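Please open the model in a viewer and keep the selection tool at hand. The stops below proceed from one selection to the next.

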Amino acid sequence: MRKYIIKRLLWMIPVILGVTFLVFSILYFTPGDPAAIKLGADATPEKIQELREEWGLNDSFVVRFGKYCYNAFLKFDLGKSYFNNRSISQEIASRYPNTLIVAFLSVFLALLIGMPFGIMSAVNQYTWKDNVSMLFALLGVSMPSFWVGLMLSLLFALKLGWLPATGFAGPSYWVLPCVSIALAGAGNIARQTRSSMLEVIRQDYITTARAKGQTEGKVIYYHALKNALIPVITTAGSLLGIQLGGAVIAEAVFAVPGIGTYMVSAIKSRDYIAVQGSVLVIAITFSLLMLAVDILYAYIDPRIKSKYQSKKKEKHKVNVVGKEA
Amino acid sequence: MQSNEKEVLLSVKDLKVIYTTDGCMVHAVNNVSFDLNKGETLGLVGETGAGKTTIAKTILRILPDPPAKVLNGQVYFEGENILQIPEAKMRKIRGNKISMIFQDPMTALNPIFVVGDQIAEVILLHENISRKEAEIKTMQILEMVGIPGERYGEYPHQFSGGMKQRVIIAMALACNPSLLLADEPTTALDVTIQAQVLELMAELKEKLNMAMIMITHDLGVVADICDKVAVVYAGEIVEVGTKEDIFDRTKHPYTVGLFGSLPSLNMTEKRLKPINGMMPDPMDLPQGCNFSPRCPYAIDACREKDIEFTEVSPGHFVRCIRAEEVK
């Protein structure tokens, strides 16, 4: 297993270099001279030349790419913003935790709401419980989260005054953005849980578990749920990925100072080097996240784990299930 | 039905089970009755879809409801109608006094738990012992079915098909049940493994003195290990008797047809003699005898009303009005 993780981590190197190369090239070929934009319309060509020289914009593509990679990966320095000359690494470091908080909390919340509903739906297929919870799931999926966000802040911030509408100064500020993202996610997860649970509870081994005299609750939550988790984890993982990279709208609605708002303002002011840095950080997070999801698969399903393991026989822990478990 | 000085363990009376799908009624089991004594083996023989598995699952009360529904009938187990008792009490019987072996060992084990834990689960559910003791007992049971106890901690995918079926047998026998329902335990296995598994089952049955219902469409299996045989056709028992009654003194045209479609070593014909036609649609069973549309002996009287059981010799019942003429 450890070997597999190391292998996967090594594989991240070409992936990240590839992403860097792509983003760098796209921005390299994008028309518009950052130096000219920075200095404004009335700058003399000499001044612009001077600034270009200072920022290293006159070097060849290869030299610039090499320098960028060297600084980014060995010194963790993503350069200085063209716009306000601040260190991009520091900007991201101060903003990214906010994005992480929103992303993890909202996905956690989505799982917390979505999974019980999905399980309930599957166990009571075609009954009113199923219909009602699937109706809510459909509503959740169909409502755009920025709209939900606006409605929630209208109600809880404006009308009732219980929660702050914008900013990110403490836990009470987290509630609205997290809930508005979680509602859509919960719908998604409920639907995914339902369909994968339905598939699992028709399997023979569930009948076997019932034939053993196991209680229905144990059959569902112990025997079935763990088998049904993999598609749910995939959904939750990609949800988390989306939130980490592009919670732009939610961040904009609630004015959360996260990486999404940073990237949007960087794009608006053509601060290409800041965009580049943000994309790079998001790409790395995404790869790490996917690795975590894959490891989680192996942890849940021994068949997947055995594919990763070397031929060496591993001594399994003897662990009895049943009464107290 | 059978007057025997032996003690009756299981008695099924007038069992009727239907499945409802999209408003249609599928008559899966129709008025099935039979008795099973302690330590006896009954073979339930019939084609695919005849309702054999449904009978077994009804006894264990693990039919999915909906779509399945027990319309009427009683199942007496140790003198108690187990179709009426509360679910909590039934759970104490499942896996403990009555257990079941399923058809496909490939899918009957939970792929994400080690096999030992899956067996220990039954023991812990029904016996008041500690985990450690359950583990030890599990290893003993594994040894009993011919699997080294050290394989306790392995996952189902690390076992072959025959080994998995042994694990399932171990699981079923873990609490010394008095009745074992074996639902085509050898169908999914290849022939050499089939023989091994059957031998193991016969041996363990003898050792633990349990009764068994062997569901199969393989008459060879029946000849091997059953004492009594019930032939099921379209959800109905058409003939029931001792193994000798059924094999040597066949009375029902369907049973005759079943033997006719069996290849034999000293056969001179080049082709098998299949029964003409198809099983009737269980949503739309024919009037009178269910077998009449395919029966070479059918007369008008067969199609008029349901045929009653007649006792042709002690303990040998046939659902056919022309049984005496059948050869």
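**The sheet of chain B**

Begin by selecting residues 8-21 of chain B, which form strand β1, together with β4(B); the two strands run antiparallel and are joined by 8 bridges. The model is a predicted one, and every stop of this tour should be read accordingly. To place one rung of this pairing, pick S11(B), whose bridge partner in β4(B) is Y76(B).

Extend the selection to the neighbouring strands. An open sheet of 4 strands appears, in the order β2-β1-β4-β5 of chain B, with antiparallel pairing. Its edges are β2 (24-37) and β5 of chain B; each has a single partner strand, so one side of each is left without a neighbour in the sheet. While side chains are displayed, it may help to recall that in a regular strand they alternate between the two faces of the sheet.

Next, add residues 52-60 of chain B. This is helix α1 of chain B, which lies across β1, β2 and β4 of that chain. With respect to β2(B), the helix runs at about 70°.

**Two loop residues with positive phi**

Most residues other than glycine have a negative phi. Two glutamates of chain B are worth selecting against that background.

Centre first on E78(B), which is found in the loop between β4 (68-77) and β5 (80-81) of chain B. Its phi is positive, about 50°, although the residue is not a glycine. Is E78(B) buried or partly exposed? With 16 other C-beta atoms within 10 Å, E78(B) counts as partly exposed, because burial requires 20 or more such atoms.

Then move to E184(B), in the loop that lies between β7 (179-183) and α7 (191-208) of chain B. Here too phi is positive in a residue other than glycine, with a value near 45°. E184(B) has 22 other C-beta atoms within 10 Å and is therefore buried.

**A helix pair in chain B**

Select residues 115-126 and 161-173 of chain B, which are helices α4 and α6. Their axes come within 8 Å and cross at roughly 20°, so α4(B) and α6(B) are roughly parallel to each other. The crossing of α4(B) and α6(B) is right-handed.

To see where these helices meet, show side chains for V115(B), Q118(B), I119(B) and V122(B) on α4(B), and for V167(B), A170(B) and M171(B) on α6(B). By class, the contact of α4(B) with α6(B) comprises 6 nonpolar residues, 1 polar residue and no charged ones.

**A hairpin in chain B**

Now go to residues 310-313 and 316-318 of chain B. These are strands β11 and β12, which run antiparallel and are joined by 3 bridges. S313(B) has H316(B) as its bridge partner in β12(B). Together, β11(B) and β12(B) form a hairpin with 2 residues between them. In the turn, select G315(B), where phi is positive at about 80°.

**Chain A as a whole**

Hide chain B and display chain A as a cartoon. How many helices and strands does chain A have? There are 14 helices and 0 strands. The C-alpha atoms of chain A fill a box of roughly 85 × 60 × 30 Å along the principal axes. Of the 325 residues in chain A, 35% are buried. Among contacts in this chain between residues at least 6 apart in sequence, 72% join residues at least 24 apart.

**A helix pair in chain A**

Select residues 2-29 and 61-74 of chain A, helices α1 and α4. The axes of these two helices come within 11 Å and cross at roughly 130°, which makes α1(A) oblique to α4(A). The crossing is right-handed.

On α1(A), the contact is made by T20(A), F21(A), F24(A) and Y28(A); on α4(A), by F61(A), F65(A), Y68(A) and C69(A). The residues of this contact divide into 7 nonpolar, 1 polar and no charged.

**Where the chains meet**

Finally, restore chain B and select the contact between the chains, which takes 28 residues from chain A and 35 residues from chain B. On the side of chain A that touches chain B, α9 (204-211), α10 (216-246) and α14 (302-308) of chain A each supply at least two residues. The largest share of that side, 7 residues, comes from α9(A). Coloured by class, the side of chain A that touches chain B shows 8 nonpolar, 12 polar and 8 charged residues.

Notes. Residues are numbered from 1 along each chain as its sequence is written. Chains are lettered from A and ligands numbered from 1 in the order in which they are written. Axes are lines fitted to C-alpha atoms, for helices over the stretch in contact, and angles run from 0 to 180 degrees between N-to-C directions. Angles under 35 degrees count as roughly parallel, over 145 as roughly antiparallel, 65 to 115 as roughly perpendicular and the rest as oblique. A crossing is left-handed if the near helix is turned anticlockwise from the far one by less than a right angle, and right-handed if clockwise. Two residues are in contact if their C-beta atoms, placed from the backbone, lie within 7 Å. Ala, Val, Leu, Ile, Met, Phe, Trp, Tyr, Cys and Pro count as nonpolar, Asp, Glu, Lys and Arg as charged, and the others, Gly among them, as polar. Two strands pair if DSSP finds at least two bridges between them. A residue is buried if 20 or more other C-beta atoms lie within 10 Å of its own, exposed if 12 or fewer, and partly exposed in between; C-beta atoms are placed from the backbone.
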